[in-house]
Amino acid sequence: RRVAPPRDARGLALAVLRRVRAESAFADVVLAHALQSAQLSATDAALATQLVYGVLAWQGRLDHHLTQLVRIPLDRLDAGVREALQLGVFQLLFLRVPAYAAVDTTVALVREVAGGGAAGMANAILRRITRAGQGDLPLPSPTRDPLARLAVEWSHPRWLVERWASEFGADALPALLAAHNQPGEVTLRANLRRTDRDALARTLAAAGVPTRTARFAPAGLVVDGPAARVRQTAAFRDGACSFQGEVSQLVVALLDPQPGDRVLDLCAAPGGKATAIAEQVGATGHVVASDLRLTGARRIRAAAARLGVAVDPVVLDAATTASPLAPVFDRVLVDAPCSGLGTLRRHPEVRWRRTAADVATLARLQLAILQRAAGGLNANGTLVYAVCTRTHDETDAVIAAFLDTTPGFALDDPTPHVPDAVVRDGALRTMPFSHDLDGFFAVRLRRAGAPQDH
């Protein structure tokens, strides 16, 4: 059976979860479209958002408990029934909603998805959880297999917990896993061609959108409250601001584009960094923003048009060496395709999609793109490599391989460009549990012998 059109927060959340999983879509995109169409109250929209992100983040833990309660293997359950049960269990174990509300609404959703028999099973399972409580639902033994316990307790794939235990150490691991299950902040960038940060904050406050100053990004504002309200303001429609994560803004600061610069932004869609660069190089500069797909180039063009800045979008395979880049750019940004494992607060679904093999494959692609990008720099050019992940293979290992295989380049000091608090071992490195930012890595590279650009 098909799920009926969403009438409330829980129905909408289930519909979004089903699309995200069936189509391997990104939850934030699907949820934004669903909320725009449904026109729920602010309270229901907030609940739907909490349910979608919560179920995706805690999926492993929820399935662990359901495995103990469902008589058949979970992979034999109807997908819609399983997702509705996850919604119900999440509400019972992690949200302070009345048990009757969680049970009754979940049973109703299961009935819509699969009929009365499945609804009866769901009712029995959820009432067992209600009687037992979270304390009586066992987790793996922390002494027998500590990593298995952490993987289930904080709802991460085992392979990822093992990797991070090796790369960051056992002491940091619980804090890192816990931080991934907290929602990330929504941050705006003021369009400095049209306003400044303080003026934008006052304009948004007058429109009913409270904000506060970002900790590190000089043009950043953190939205307090539903982000959907921002899109309804004249400030957003008129191009006074853009959605852009704070650490993403810091990557542009690391590039440090100057008025009149010629800049190439590879892998640029949807255009957040490219438009920020265009704001800084001004009318005398030139920004070329490439993407592998025509749809990506169109998104870049639309973003630039709304903000009133000049960006030249092109369709380009950044990894191919068939057509070498001409060495004409003052700065090149490689915001490389990556595993995205630093963005699990915003994209919790990513943890269930990535594999260790993906990381190795992406690292090879990143190196190929970086090597090609180097050919686009002029003699005094600056090259920035950035990824929204912290896996060793995609960060330090890529840079080491690049420096070994690409003569004439050296690391440049990042500290004149970004705050010391986000710099370690010559690179921008952020983590959710220590900076309350997504996990990013970025470095500045320059041609050896070229003057440092401070």
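The largest cavity in this predicted model is lined by Glu185, Thr187, Gly245, Glu246, Val247, Arg345, Arg346, Asp436, Leu437 and Asp438. About 60 Å³ of space lies inside the largest cavity. Its lining divides into two nonpolar, two polar and six charged residues.

How is such a space found? Rolling a probe the size of a water molecule over the atoms shows where empty space is left. How many cavities of 30 Å³ or more does the count give? The count comes to two.

The second largest cavity has a volume of about 40 Å³. Trp164, Leu176, His180, Leu341, Gly342, Arg390, Met431, Pro432 and Gly439 form its lining. By class, that lining holds five nonpolar, three polar and one charged residue.

Here are the two cavities side by side.

| Cavity | Volume | Lining by class |
|---|---|---|
| Largest | about 60 Å³ | two nonpolar, two polar, six charged |
| Second largest | about 40 Å³ | five nonpolar, three polar, one charged |

Next comes a pair of helices. Two packed helices are described by the angle between their axes and the distance between the axes. Helix α9 spans residues 158–168, and helix α10 spans residues 173–180. They pack at an angle of about 130 degrees, with their axes 10 Å apart. That angle makes α9 oblique to α10, because oblique takes in angles that are over 115 degrees but not over 145. The crossing of α9 past α10 is right-handed.

Which residues make the contact between α9 and α10? From α9 come Val161, Trp164, Ala165 and Phe168. From α10 come Leu173, Leu176, Leu177 and His180. Seven of these contact residues are nonpolar, one is polar and none is charged. Trp164, Leu176 and His180 belong to this helix contact and also to the lining of the second largest cavity.

Two loops hold backbone features to look for. Most residues other than glycine have a negative phi, and most peptide bonds are trans. Asp256 has a positive phi, near 55 degrees, and is not a glycine. Where is Asp256 found? It sits in the loop between α14 (246–255) and β5.

The other feature is a peptide bond. Ala269 and Pro270 are joined by a cis peptide bond, with omega about 10 degrees. Pro270 lies in the loop between β5 (262–266) and α15 (272–281). Strand β5 therefore links the two stories: the loop with Asp256 runs between α14 and β5, and the loop with Pro270 runs between β5 and α15.

Definitions and conventions
Residues numbered from 1 in each chain as written. Predicted model: local features only at pLDDT ≥ 70, side-chain atom pairs only at ≥ 80, totals over all residues. Heavy atoms only, no water. Axes fitted to C-alpha atoms, helices over the stretch in contact; angles between N-to-C directions. Helix = DSSP H or I, 4+ residues; strand = E, 2+ residues; numbered from the N terminus. Parallel < 35°, antiparallel > 145°, perpendicular 65-115°, else oblique. Left-handed = near helix turned anticlockwise from the far one by under 90°. Contact = heavy atoms within 4.5 Å. Nonpolar A, V, L, I, M, F, W, Y, C, P; charged D, E, K, R; others polar. 1 Å grid on protein atoms, 1.4 Å probe; cavity = no way out; pocket = protein on both sides within 12 Å on 5 of 7 lines; lining within 4 Å. Points joined across faces, edges and corners; volume = space filled by probe spheres on them.
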